[in-house]
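Q: Please take a close look at one part of this model. Begin with a single residue and its contacts, then place that part within the rest of the chain.

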Amino acid sequence: MPHVREKQWADEIAEEILKAGAGPHEISTGISPSGEIHIGNLREVITADVIYRALKERGAPVVLDYVADNFDPLRKVYPFLDVAVYEKQIGKPLSEFACPCGKHRSYADHFLEPFLRSLEKMRIEVKVYYADRMYKSGMLVPQIIQALKGRDAIARILEDCTGRKVEDTWSPFDPICQSCGKMTETTVRGFSERNETVDYVCVCGGKGTVSMRGGGKLTWRADWPARWARIPVTIEPFGKDHATRGGSYDTGERICREVYKAPPPFPVAYEWISFKGRGELKKSKGNVLSVHRMLEVVPAEVLRYLVVKTRPMRSIAFDPGLPLLSLIDEFDDAASQARDPRALKLSGADQFTPVGVPFRHLVNVVQMADFDLDQAIVILRRNGYPVKDEAALKERAGYAVRWLKEFAPPEVKFSVQRTPPPEARDLDPLQRRFLARLAETLRPGMTGEEIHALVYDLAKEVGLEKATSAFEAIYRVFLDQTKGPRAGWFLAFLERDFVIDRLKTAGAP
């Protein structure tokens with residue numbers, strides 16, 4: 001019986017797209033780089049990339065692009081910006097003023113460059129369109145002319161779809177004032193199709209004529225469908241806010257057909273990724289988790305798998321704390337046992353080889369090794385883990401180290417004390433007796449489970465009322481704290497001579 005490939009949501013979308021036309025296809029994504037581009041934005045690009053892969057598998061000619069909306073104006077001074085420096089830049093295009101660190105060509109590039117490097121790390125290949133270059137090169141002049149001539153038609157579509165009537169002075173084009181540099185305070189007074197120019201006045205008192213080649217840009221609801229028509233775009237993923245009734249896709253679909261005389265793209269709406277405990281990821285609220293920062297602590301294939309395994313209109317609650325350990329181990333289990341192979345393939349993780357050590361274990365082992373990754377490998381091998389690829393294991397352990405420094409809650413962190421902590425002298429006689437008996441009864445080769453059971457037995461034998469007192473004694477003499485990782489497993493992974501010597505010293509009367 002022939003093998004039937006399990007369908008994934010991207011397969012369903014690809015087949016629906018191809019029913020409407022064989023192509024060529026262009027999938028378009030994009031974001032305004034007004035701040036850190038966060039993992040919430042990443043859902044759009046991964047969704048597009050997965051559809052791109054599904055179409056390519058079916059032999060369809062397809063291109064994946066990313067439009068960097070760097071010609072958008074700065075809307076406000078975000079929480080991460082210096083008010084004194086950036087308040088005067090409000091209303092100016094992001095590509096036209098300096099970046100926060102002074103190392104990039106513009107403010108927009110400061111946020112774009114790390115994001116584009118992150119896409120490379122995630123093996124997402126995109127054709128990049130920079131909005132400022134699209135406008136300055138004249139690429140969008142035909143659509144600007146169509147929009148200006150079709151101003152009344154666009155106004156009517158906006159009113160039909162949103163119920164809101166635009167002001168009499170409204171225009172689908174925002175000129176950049178040559179006096180103050182802002183595009184949010186200008187009013188169009190006329191235009192010349194022949195000269196490709198627009199006349200304007202500005203609230204600052206400035207007035208003049210600008211070229212349609214970089215002298216301004218279309219407003220968002222006119223700009224988005226203009227790109228669809230000009231590139232042209234046949235497929236576009238977008239957030240659920242644009243998919244609502246009267247949203248940007250509703251108006252864009254009609255503007256594309258009626259004003260730009262082009263078919264709109266196939267829509268793929270998606271839900272947000274929320275930052276668990278802090279709501280939706282929004283740079284306007286300072287509530288962001290940048291993609292490049294996240295890729296320091298989460299392997300790229302795991303982030304891709306998280307998005308791919310979830311249907312686009314299902315929300316994803318992302319928690320970089322303890323639940324992240326479960327997510328990474330879930331991915332490793334799926335990869336090692338070939339579960340959900342279609343999701344693994346579409347996420348580009350089908351060739352990933354698991355290192356054979358649960359991420360939760362690595363988090364503890366790197367701390368036992370005092371963050372020495374060579375020593376971590378020694379500990380793993382001593383405890384029966386067949387480390388076949390040291391480089392791969394060190395790479396994964398590096399993620400554990402960075403997670404501990406960035407996101408680990410205090411209760412997960414510990415440091416093995418190389419000399420007995422002074423506070424160990426405060427143990428009561430029964431706790432000392434327990435530690436002495438543990439030193440006497442620990443046998444070579446005991447497993448973590450066996451040691452854990454032994455702790456309970458010895459606590460009862462020496463007369464400790466609660467087993468928690470026994471565990472506390474272990475943590476205090478090894479970690480100088482009252483809590484820690486599972487004690488039996490912890491002791492099994494430490495060097496035996498070190499454990500016995502510390503127990504004898506701490507258990508002495």
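Leaving aside its neighbours within four places in sequence, which residues is K207 in contact with? And what surrounds that residue, from its strand and sheet to the cores and salt bridges elsewhere in the chain?

A: Once neighbours within four places in sequence are set aside, K207 is in contact with Y200 and V201. The model is a predicted one. K207 lies in strand 7 and, at 68% relative accessibility, counts as exposed, since the threshold for that class is over 50%. K207 and C177 are 30 residues apart in sequence, and their C-alpha atoms are 7.1 Å apart in space.

The sheet comes next. Strand 7 belongs to an open sheet of three strands in the order 5-6-7, with antiparallel pairing. Strand 5 (186–192) and strand 7 (207–211) are its edge strands, each pairing on one side only. From one strand to the next, the twist averages 30 degrees. Strands of a sheet pair through backbone hydrogen bonds, in either a parallel or an antiparallel arrangement. Strand 5 and strand 6 (residues 197–202) run antiparallel and are joined by six bridges. Within this pairing, F191 stands opposite V198 of strand 6.

The sheet can be related to the nonpolar cores. The largest core has 121 residues, and M294, F318, W403, F434 and F478 touch the most other members. Helix 2 (residues 39–57) gives the most to this core, namely ten residues. Apart from it lies another core, of 41 residues, whose members include Y135, Y200, M212 and V233. Y200, one of the two contacts of K207 named above, is thus a member of the 41-residue core, because the list for that core names it.

Elsewhere, helix 12 (residues 300–308) is largely enclosed by the rest of the structure, because nine of its nine residues are buried. The buried residues are A300, E301, V302, L303, R304, Y305, L306, V307 and V308. E301 and R304 are on that list along with residues such as V302 and L303.

The cysteines form no covalent links. A search of the whole structure finds zero disulfides. C101 is in no disulfide, and the nearest cysteine sulfur, that of C99, is 3.6 Å away, whereas a disulfide needs the two sulfur atoms within 2.5 Å. C101 has a relative accessible area of 36% and is partly exposed. For C161, the closest cysteine sulfur is that of C256, 13 Å away, which is too far for a bond. C161 also counts as partly exposed, at 22% relative accessibility.

Charged pairs are another matter. Side chains of opposite charge can pair when their charged atoms come close. A search of the whole structure finds 30 salt bridges. One of them joins the side chains of R342 and D11, at 2.6 Å from N to O. This pair links distant parts of the chain, with R342 in helix 14 (residues 341–346) and D11 in helix 1 (residues 9–20), 331 residues apart. R342 and D11 are both buried. Another salt bridge is between E12 and R311, whose closest N and O atoms are 2.9 Å apart. E12 lies in helix 1 and R311 in the loop between helix 12 and strand 13 (316–318), so this pair ties together parts that are 299 residues apart in sequence. E12 is partly exposed, with a relative accessible area of 37%, and R311 counts as partly exposed at 40% relative accessibility.

R342 and D11 also appear in a network of salt bridges that links K7, D11, E15, E57, R58 and R342. In helix 2, the side chains of R53 and D49 meet in a salt bridge at 2.9 Å, N to O. These two residues are four apart in the helix, so about one helical turn separates them. R53 is partly exposed, with a relative accessible area of 22%, while D49 is buried, with a relative accessible area of 2%.

One more residue completes the survey. D333 is found in helix 13 (residues 322–336) and, at 36% relative accessibility, counts as partly exposed. D333 and A408 are 75 residues apart in sequence and 22 Å apart in space, from C-alpha to C-alpha.

To return to the starting point, K207 is an exposed residue of strand 7, an edge strand of the open sheet, in contact with Y200 and V201.

Terms used:
Residues are numbered from 1 along each chain as its sequence is written. This is a predicted model: local features need pLDDT of at least 70, side-chain atom pairs count only at pLDDT 80 or more; totals for chains, interfaces and linings use all residues. Side-chain values use heavy atoms; hydrogens and water are left out. A nonpolar core is a set of buried Ala, Val, Leu, Ile, Met, Phe, Trp, Tyr and Cys residues joined through side-chain atoms within 4.5 Å. Buried means under 20% relative accessible area, exposed over 50%, partly exposed in between (1.4 Å probe, protein chains only). Two strands pair if DSSP finds at least two bridges between them. Axes are lines fitted to C-alpha atoms, for helices over the stretch in contact, and angles run from 0 to 180 degrees between N-to-C directions. A salt bridge is a side-chain nitrogen of Lys or Arg within 4 Å of a carboxyl oxygen of Asp or Glu. Contact means heavy atoms within 4.5 Å.
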